[in-house]
Amino acid sequence: MIDTLTNTVLFVMLVLTALAIVRMERLFAVVMLSSVFSLLSALLFVTLDAVDVAFTEAAVGAGISTVLMLGTIALTKPTAKRSRHTAFVPLIVVCVTGAALVYGTLDMPAFGAYDAPAQMHVGPDYLARTPDDIDVPNVVTAILGSYRGYDTLGETAVVFTAGIGVLLLLSGLRRRREDEDEEV
Amino acid sequence: MGQLFNLQFLTGHIHYLLFIILMMTGLFIVVDKTNLVKKIIGLNIFQASVFMFYVSIGKVTGGTAPIFPMDDKYHVDKEALQGIVYSNPLPHVLILTAIVVGIATTSLGLALIIRIRESFNTIDEEDILNIEQEMTRDDNNKHRDVAEGLT
């Protein structure tokens with residue numbers, strides 16, 4: 001019961017933050033609010049027992065991505081223009097999608113059910129085998145580094161590719177600017 | 001549909017409804033707002049709510065975080081394990097990977113925004129569309145002039 005209460009309070013705060021992001025025009029405030037959003041979602045991850053996910057989200061979502069976005073708005077414009085079109089069509093799209101998703105969740109097992117399909121197969125198996133196989137107290141570490149090590153390898157490849165992409169896109173930014181200055 | 005008014009069903013599924021509300025707020029920002037940085041933030045909100053939804057599937061009522069107790073030799077204490085319920089660690093691992101991949105794609109998107117600003121001098125979708133239409137019109141006029149000169 002207390003769990004549900006905590007979750008609901010966190011949810012209300014998350015939704016309020018998201019709505020404030022919808023309303024705001026100043027991008028600096030929007031970026032700060034998105035950082036707040038990440039921190040609140042990290043709190044929610046703690047109540048969902050995912051402590052590793054929580055501190056990754058706090059470090060990456062509230063930390064690094066805020067820094068990246070601040071860098072971006074420093075290089076571009078600090079305010080957003082009010083959009084000229086009406087919000088009618090987007091609202092309909094969002095409502096229809098939301099209704100379809102809610103219809104999809106009606107068949108889901110109840111929140112926290114111990115006999116849900118997700119709790120039946122590999123998850124408990126990893127929990128049972130970790131003390132003998134790997135002998136690491138944190139099961140998330142054991143799965144991340146050992147049972148599903150190839151996933152982590154793939155993740156590293158993706159991050160590497162994205163890093164190269166960012167470097168290629170941004171390299172020569174200053175050089176091109178100097179060229180423009182010379183032309184003017 | 002009658003089960004919607006059953007209290008037990010409702011308490012079991014209200015979390016999913018709340019996740020979907022958050023998700024749809026993110027989708028609304030992506031569809032409605034014309035500023036590109038705001039679109040990326042909307043995408044991040046959408047993504048974060050998908051993560052919450054996914055992690056909530058692994059939650060077991062009365063369970064705790066999947067970290068085992070240790071004995072004094074820094075091995076897993078197998079006797080102390082008995083009778084403790086743990087939440088499913090597998091969704092946590094998958095989402096951990098997804099968060100890191102998410103920041104990689106976000107940074108790529110932000111780099112693209114910086115390049116767009118360099119080329120168009122704006123990061124507003126409607127302005128970019130107008131500039132592109134103008135460029136196409138100029139191109140068409142130029143082609144027409146050349147074609148008329150040939151005949």
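User: Leaving aside neighbours within four places in sequence, which residues is B:Phe19 in contact with?
Analyst: Heads-up: this is a predicted model, where local features need pLDDT of at least 70, side-chain atom pairs count only at pLDDT 80 or more, and totals for chains, interfaces and linings use all residues. Residues are numbered from 1 along each chain as its sequence is written, while chains are lettered from A and ligands numbered from 1 in the order in which they are written. Two residues are in contact if their C-beta atoms, placed from the backbone, lie within 7 Å. With those sequence neighbours left out, the contacts of B:Phe19 are B:Ser49, B:Met52 and B:Phe53.

User: Which element gives the largest share of the largest nonpolar core?
Analyst: A nonpolar core is a set of buried Ala, Val, Leu, Ile, Met, Phe, Trp, Tyr and Cys residues joined through C-beta atoms within 7 Å; buried takes 20 or more other C-beta atoms within 10 Å of a residue's own, exposed 12 or fewer, and partly exposed is in between, with C-beta atoms placed from the backbone. The largest core here has 59 residues, and those touching the most other members are A:Phe45, A:Ile143, B:Phe19, B:Val37, B:Ile45 and B:Val55. At least two residues each come from α1, α2, α3, α5 and α6 of chain A and from α1 (7–32), α2 (36–57) and α4 (89–120) of chain B, helices being DSSP runs (H or I, at least four residues) numbered from the N terminus. The largest share, 11 residues, is from α2(B).

User: Which element of chain A gives the most to the side that touches chain B?
Analyst: The contact takes 79 residues from chain A and 75 residues from chain B. Among the elements of chain A giving two or more residues are α1 (2–23), α3 (51–75) and α7 (149–170). With 14 residues, the top giver is α3(A).

User: How are α2(A) and α3(A) oriented to each other?
Analyst: Axes are lines fitted to C-alpha atoms, for helices over the stretch in contact, and angles run from 0 to 180 degrees between N-to-C directions. Under 35 degrees counts as roughly parallel, over 145 as roughly antiparallel, 65 to 115 as roughly perpendicular and the rest as oblique. These two axes come within 7 Å and cross at roughly 175 degrees. So α2(A) and α3(A) are roughly antiparallel.

User: How many charged residues are in the contact of α5(A) with α6(A)?
Analyst: The axes come within 10 Å and cross at roughly 90 degrees, so α5(A) is roughly perpendicular to α6(A). A:Tyr126, A:Leu127 and A:Thr130 of α5(A) meet A:Val139, A:Ala142, A:Ile143 and A:Tyr147 of α6(A). Ala, Val, Leu, Ile, Met, Phe, Trp, Tyr, Cys and Pro count as nonpolar, Asp, Glu, Lys and Arg as charged, and the others, Gly among them, as polar. That contact has six nonpolar residues, one polar, and as for charged ones, no charged residues.

User: How many angstroms (Å) separate the C-alpha atoms of B:Ala98 and B:Gln47?
Analyst: B:Ala98 lies in helix α4 of chain B. B:Ala98 counts as partly exposed because 16 C-beta neighbours are inside 10 Å. B:Ala98 and B:Gln47 are 51 residues apart along the chain, with their C-alpha atoms separated by 9.3 Å.

User: How far apart in space are A:Ala113 and A:Asp125?
Analyst: A:Ala113 is placed in the loop between α4 and α5 of chain A. A:Ala113 and A:Asp125 are 12 residues apart in sequence, and their C-alpha to C-alpha distance is 18 Å.
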